[in-house]
Amino acid sequence: MSRSQFYWHVKRGTFHAPLRLSNGRPYFNASQVEDNLKARELGIGVNGEYVLFYERSETPTHPKATPASKADHSGLLESLQTLGLNGLTTKQVAEAVDACYPKGTSGEDENDILRTVFRHLKRSGIG
């Protein structure tokens, strides 16, 4: 937990506020530390309110991008044929997708992929 988050919870009453030495340095006595740790563990603040603490996950939140060449482009091939690009092979479509999206197509809109690949194929004279 970051320092700012901790002090936000102190201000809210979820955790005990630190005591201060004569020089202004903050400290906690043993019972305060125990209460604060228990509040964090149980999700019930020292003021008795329920609190949600979010932990960082071990796994990345974004799925790893799969290479476009391993993806199934049959739907894209059908859409391109519907737009008038006949005689295309799946290899040509896969190469066009790789050229347009070197990092993969994950997170991209299907319509944007279709438009970009269609323009790429038309410019390169394929189809």
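Q: A salt bridge is a side-chain nitrogen of Lys or Arg within 4 Å of a carboxyl oxygen of Asp or Glu. What makes the side chains of aspartate 112 and arginine 115 count as one?
A: Start with the fact that this is a predicted model. In it, the N to O distance between the side chains of aspartate 112 and arginine 115 is 2.8 Å. The cut-off is 4 Å, so this pair is a salt bridge.

Q: How far apart are aspartate 112 and arginine 115 in helix 5, counted in turns?
A: They are about one helical turn apart, because three residues separate them in helix 5.

Q: Are aspartate 112 and arginine 115 buried or exposed?
A: Neither label quite fits. Aspartate 112 has 30% relative accessibility and arginine 115 has 40%. Buried needs under 20% and exposed needs over 50%, so what falls in between is called partly exposed. That is the label for aspartate 112, and for arginine 115 too.

Q: How many salt bridges does the rule give?
A: The count is two.

Q: What makes the side chains of arginine 12 and glutamate 49 a salt bridge?
A: Here the N to O distance is 3.9 Å. The limit is 4 Å, so this pair passes as well.

Q: How do you know that the pair of arginine 12 and glutamate 49 links distant parts of the chain?
A: Look at where the partners sit: arginine 12 is in helix 1, glutamate 49 is in the loop between helix 2 and helix 3, and their positions lie 37 residues apart in the count. Arginine 12 is partly exposed at 38%, and glutamate 49 is partly exposed at 41%.

Q: Why is histidine 9 called buried?
A: Its relative accessible area is 3%. Buried means under 20%, so histidine 9 gets the label. This residue lies in helix 1. Setting aside neighbours within four places in sequence, histidine 9 is in contact with Met1, Thr14, Phe15, Val51 and Phe53.

Q: Why is glutamine 32 called buried?
A: Glutamine 32 has a relative accessible area of 10%, and the cut-off is under 20%, so the name holds. You'll find glutamine 32 in helix 2. Not counting residues up to four places away in sequence, glutamine 32 touches His16, Ala17, Leu19 and Tyr27.

Q: Why is tyrosine 27 called partly exposed?
A: Tyrosine 27 has a relative accessible area of 34%. That is not under 20% and not over 50%, so it is in between. Tyrosine 27 lies in strand 2. With neighbours within four places left aside, its contacts are Pro18, Leu19, Arg20, Leu21 and Gln32.

Q: Which residues make the nonpolar surface patch of about 240 Å²?
A: Leu19, Leu21 and Tyr27 make it. To join a patch, a residue needs over 30% relative accessible area. Leucine 21 has 42%, so it clears that bar. Its place is in the loop between strand 1 and strand 2.

Q: What makes the 13 residues of the largest nonpolar core a core?
A: They are buried residues of nonpolar kinds whose side-chain atoms are joined within 4.5 Å, because that is how a core is defined. Among those with the most contacts inside this core are Leu76, Leu88 and Leu121. Helix 3, helix 4 and helix 5 each give two or more residues. Helix 5 gives the most, with four. In general, nonpolar side chains in soluble globular proteins tend to be buried together.

Q: Which residues is valine 117 in contact with, leaving aside its neighbours within four places in sequence?
A: Valine 117 contacts Leu76, Leu80, Ala96, Val97 and Cys100. Another core, of six residues, lies apart from the largest one, and it includes Phe6, Val10, Ala39 and Val51.

Q: What does the secondary structure of the protein come to?
A: It has five helices and two strands, in the order α-β-β-α-α-α-α along the sequence.

Q: What is the mean pLDDT of the protein?
A: The mean is 84, and 86% of the residues reach 70 or more. Among the helices and strands, confidence is lowest in helix 3, with a mean of 86, and highest in strand 1, at 94. Where pLDDT is low, don't read the predicted coordinates in detail.

Conventions: Residues numbered from 1 in each chain as written. Predicted model: local features only at pLDDT ≥ 70, side-chain atom pairs only at ≥ 80, totals over all residues. Heavy atoms only, no water. Buried < 20%, exposed > 50% of the residue type's maximum accessible area, 1.4 Å probe, protein only. Contact = heavy atoms within 4.5 Å. Patch = residues over 30% accessible without salt bridge, like charges linked within 9 Å, V, L, I, M, F, W, Y side chains within 5 Å. Areas by Shrake-Rupley, 256 points an atom, 1.4 Å probe, with all protein chains shown as cover. pLDDT = per-residue confidence, 0-100.
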